[in-house]
Every structure is written in C-alpha cells, then in structure tokens.
Amino acid sequence: MKNKFSKILLIVCFVSVLLTACSNQEKSKAVDGEVDTKEKTETTTEETEAASNIITDVQERQTFALNTFITVKLFEAPQFSDEDWQRTFEILADIENRMSAHIDTSEISEINKNAGVQPVKVSDDVFNIIKQAKDVAAETNGAFDPTIGALTKLWQIGTDNQHVPSQAEIDQALKKVDYNKLILNEKSYEVFLEEEGMAIDLGGIAKGYSADQVFIYLKSKGVQRAILDFGGNISLIGSKAEDKPWRVGVREPNRAEFKVYASIFASDESFVSSGDYERYFEEDGKLYHHIINPFTGYPTDNGIRGASVVLDSSMQADAYATALIVMGKEKAIDFIQNKGLEAILVYSDMTSFNTFADDRDFKLEK
Ligand code: ADP
Ligand code: MG
C-alpha cells in the first residue's frame, strides 16, 4: 500500500501545485492529490445508496485571496453548484475584508487607527481570532506576536515598497510591538492597542483561520474527502480512501527551485508550513524575508529555514509554525516537545528535526 505513494505521484502533484502557485513566488509544500479512478469507484453499494448524491468525480476550483493562491479539490462530495463555490470563496473574501491590516475599511484597520486613542468594538470572530493570537503570543513568549504590525509596516515585505528600514526606525517600531498592550474586553468585545503607533497584523494566523472556516463549511455541505491548499497550508477533509491517509509533502526551504523535502501521512487535519523562502526580497546582496523576530525587528536568521506543524486547527498550526521559525533551534525543539506537537523543523544545512510518530510514515524525499 505504501508503495502506491510513489515519488512519481508526488512529483506529478508538485508540478501541479507549482503551476498554480509559483507565479507570485508563493509557496511551499504539496499534497498527494492524486486519487486514481479505480479507488474512487470502489465505493460499496450500501454506501452509494446511503449517499446517492455524493459523487467521486474531482471538483476543483481556485481563487486568489489573503494574498495567496487557494485551491480546493473535492474528491468525494455532493455536486457543487456555482453558488456553493461562490459561498466557499466568499468566506475568504469576508475574512480578508474584515481582518486584513492592508484594507483601510477592515475592523483591524479600525483598531489600528484607534491605537492609543480608544477601544474599538469588533465582531465575534474578529475578537476571537485576536484573542487566540494573543494566547499564542503568551504561550510562545512573544515569538509570535500579533502586534508585529509596527514592524511589518516598516519592512512592507511582499509589496512594491519593500526595503530595509533604518536602525532608528526599527528601534522606534520595536517599542510598539508588545502583545501585553493589546487589551481585550471579553464582555464588550472591544479591542484596544494601548499606544499610538501600535498595529495588529494577523498575517501569521489569518490563513489558517480561514482554512478552518472553509473546512467547517465544506463539511456542513456533506463533503467527505477534500484537499484545501491555501498557498501550501494544507487542510484535509477525510482520508484519501477508506483506511488510506493522504500523503502530504513539505517543500524544501529553498528559494531557487521547488523541491520536496519530506512527506508524511495525514487525514482529517491540517498541515501548515512557514518558511523564509516564501516572501522575500534582496537588497545589497542580502536576502530579507517576511518572518520578523519581534525582539530584533529583523527577519529571522537563526538556522531554521522552515517549520511545519500538524494539528486539527489550521489556525493554531499557522501561528505555531511562524513562532517556531522565530524561536531558533533550541527553543523551538523545547516548545515542540513540551507541547507534544507533531512538527518538523528544517535547518539551513537541510538537516531536520521532527517528532512524527511511526504511523506518519515520515519519508525524506531526497
Ligand atoms: P505565510 O503567510 O507566508 O504562510 P506565515 O504564516 O509565517 O507565512 O506568516 C507570515 C506573516 O505573519 C508575515 O507576512 C507577517 O504578516 C506576519 N508575521 C511576521 N512575523 C511575525 C511574528 N513574529 N509574529 C506574528 N506574525 C508575524
Ligand atoms: Mg503562520
């Protein structure tokens, strides 16, 4: 059975992920998205009768949202109408419109504009994601910090204005990054940034949150097997087939080419990766990427090039993956072990550390 997850299959699907994702220098990983027709038709008569509206023809749509390419592939699901797909992608647009720090009318922008001035009442889900982001900040001792906005606004990585800020600007911004000054009123759903110049940036968690929301919606529509690829953040509904998990790949942290580093089995969960190869720019011969160390104000440079985490919650895995990159090797390993996380860290020399149990069937692809 394991042999069926051959390198060839992986390569086929990496090529397809590459085709959809590489044009904006996005992204990582890949998934064993191949379901051969024989397996798909192996549904028993009882199952077919019980779910006569379920089809096993692959239904696939793509969109661009949250600054990334999103692909949703349904392998076993009711027939999706255009309205169903529209609703699926509206979930993303809605989250982006309310949670992006780059959209002037978003709730996050409203909080940021009122930094040091007054609390802002927000909707339930915006409040909850900020609360969860603050919780992860506390858990990771600030390695993940949703008030990173003052710094990300300076660097502007991923925009036409990306540049290395002056040390004075970085020093100034560093004073404005502190999740302890992000005040949440659980009764009134008000959010307050205590100091002027502070800013929330949910870029390290919002994609995971939106994957969870789409996951919930698709399940509510009766989807039984699916792969959600949010720019390399993978969420899996069900398994590849009865008693057969998907095989998910981790991209080699390598900016020059799209190569698979390793892969594992996974089902009905999320596999989220962060890496310094995803968004970056070069200035005076030096590379600067989009994961910022909240203590130095600079992109991380500690020997960890990539981190991936498997969890039920894509949101939490997203935040943890970003945090692990910031922590550096020793602290990241301690964190993984203390939390009992299933994760992999890939280092600059292309060696790695992982905590995958045997049934994950971890395989280096080199
Ligand atoms: P990607 O979104 O490319 O998959 P991440 O999940 O690691 O990558 O998120 C990176 C984004 O998170 C950055 O673009 C920025 O918006 C935000 N960010 C950068 N550094 C931090 C940090 N230390 N803590 C929280 N968010 C961060
Ligand atoms: Mg993240």
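Select Asp-268 to begin: with a relative accessibility of 34%, this residue counts as partly exposed, and it sits in the loop between β11 (260-266) and β12. Display its backbone in this predicted model, and note that Asp-268 has a positive phi of about 50° although it is not a glycine.

Move next to Asp-243, in the loop between β9 (233-237) and β10 (246-251), where phi is again positive in a residue other than glycine, with a value near 60°. Is Asp-243 buried or exposed? At 69% relative accessibility it counts as exposed, because the cut-off for that class is over 50%.

Now zoom out to the whole protein chain, which has eleven helices and 18 strands, and in which buried residues make up 55% of the 366 residues. If you draw the contacts between residues at least 6 apart in sequence, 63% of them join residues at least 24 apart.

For one example of a contact between distant parts of the chain, select Ile-91, which belongs to helix α4 and is buried, with a relative accessible area of 9%. Which residues does Ile-91 touch once its neighbours within four places in sequence are left aside? They are Gln-213, Val-214 and Tyr-217; and if you place a distance label between the C-alpha atoms of Ile-91 and Gln-213, it should give 7.3 Å, although the two residues are 122 places apart along the chain.

Turn then to the magnesium ion (ligand 2) and show the protein atoms around it: the donors are Gly-204 (O), Asp-318 (O), Asp-318 (OD) and Thr-322 (OG1), at 2.0 to 2.6 Å from the ion. Along the chain these donors follow the spacing G-x113-D-x3-T. Gly-204 lies in the loop between β7 (190-193) and α9 (206-220), whereas Thr-322 lies in helix α10 (residues 314-327), so the pair ties together parts that are 118 residues apart in sequence. Colour by accessibility here, and both ends of that pair turn out to be buried, Gly-204 with a relative accessible area of 18% and Thr-322 with 13%.

Keep Gly-204 selected and bring up the largest pocket, since Gly-204 is among the residues that lie nearest its centre, together with His-102, Asp-201, Leu-202 and Gly-203. The pocket has a volume of about 1100 Å³ and is lined by 47 residues. The elements that give two or more residues to this lining are α4 (82-99), α5 (107-113), α7 (149-155), α9, β12 (270-275) and α10, and α7 gives the most, with four residues. Coloured by residue class, the lining divides into 19 nonpolar, 17 polar and eleven charged residues.

The last stop is helix α11 (residues 329-339), whose buried residues are Ala-332, Phe-335 and Ile-336. Seen down the axis of α11, these residues fall within an arc of 95°, so they line one face of the helix. An α-helix has 3.6 residues a turn, so residues three or four places apart point the same way. Rotate to the face turned away from the buried side of α11, and you will find the exposed residues Glu-330, Lys-331 and Asn-338. What covers the buried residues of α11 includes α6 (124-139), β15 (304-311), α10, β16 (342-347) and β17 (352-354). Finish at Gly-340, which follows α11 and has a positive phi near 65°.

Technical notes:
Residues are numbered from 1 along each chain as its sequence is written. Chains are lettered from A and ligands numbered from 1 in the order in which they are written. This is a predicted model: local features need pLDDT of at least 70, side-chain atom pairs count only at pLDDT 80 or more; totals for chains, interfaces and linings use all residues. Side-chain values use heavy atoms; hydrogens and water are left out. Donors are N, O and S atoms within 2.8 Å of the metal (3.2 Å for Na, K and Ca); water is not among the atoms, so sites may look incomplete. Buried means under 20% relative accessible area, exposed over 50%, partly exposed in between (1.4 Å probe, protein chains only). The arc is that of the directions from the helix axis to the C-beta atoms. Contact means heavy atoms within 4.5 Å. On a 1 Å grid over the protein atoms alone, a cavity is a set of points where a 1.4 Å probe fits but cannot get out, and a pocket is an open set with protein on both sides within 12 Å along at least five of seven lines; lining residues have an atom within 4 Å of a point. Grid points are joined across faces, edges and corners, and a volume is the space filled by probe spheres set on the points. Ala, Val, Leu, Ile, Met, Phe, Trp, Tyr, Cys and Pro count as nonpolar, Asp, Glu, Lys and Arg as charged, and the others, Gly among them, as polar.
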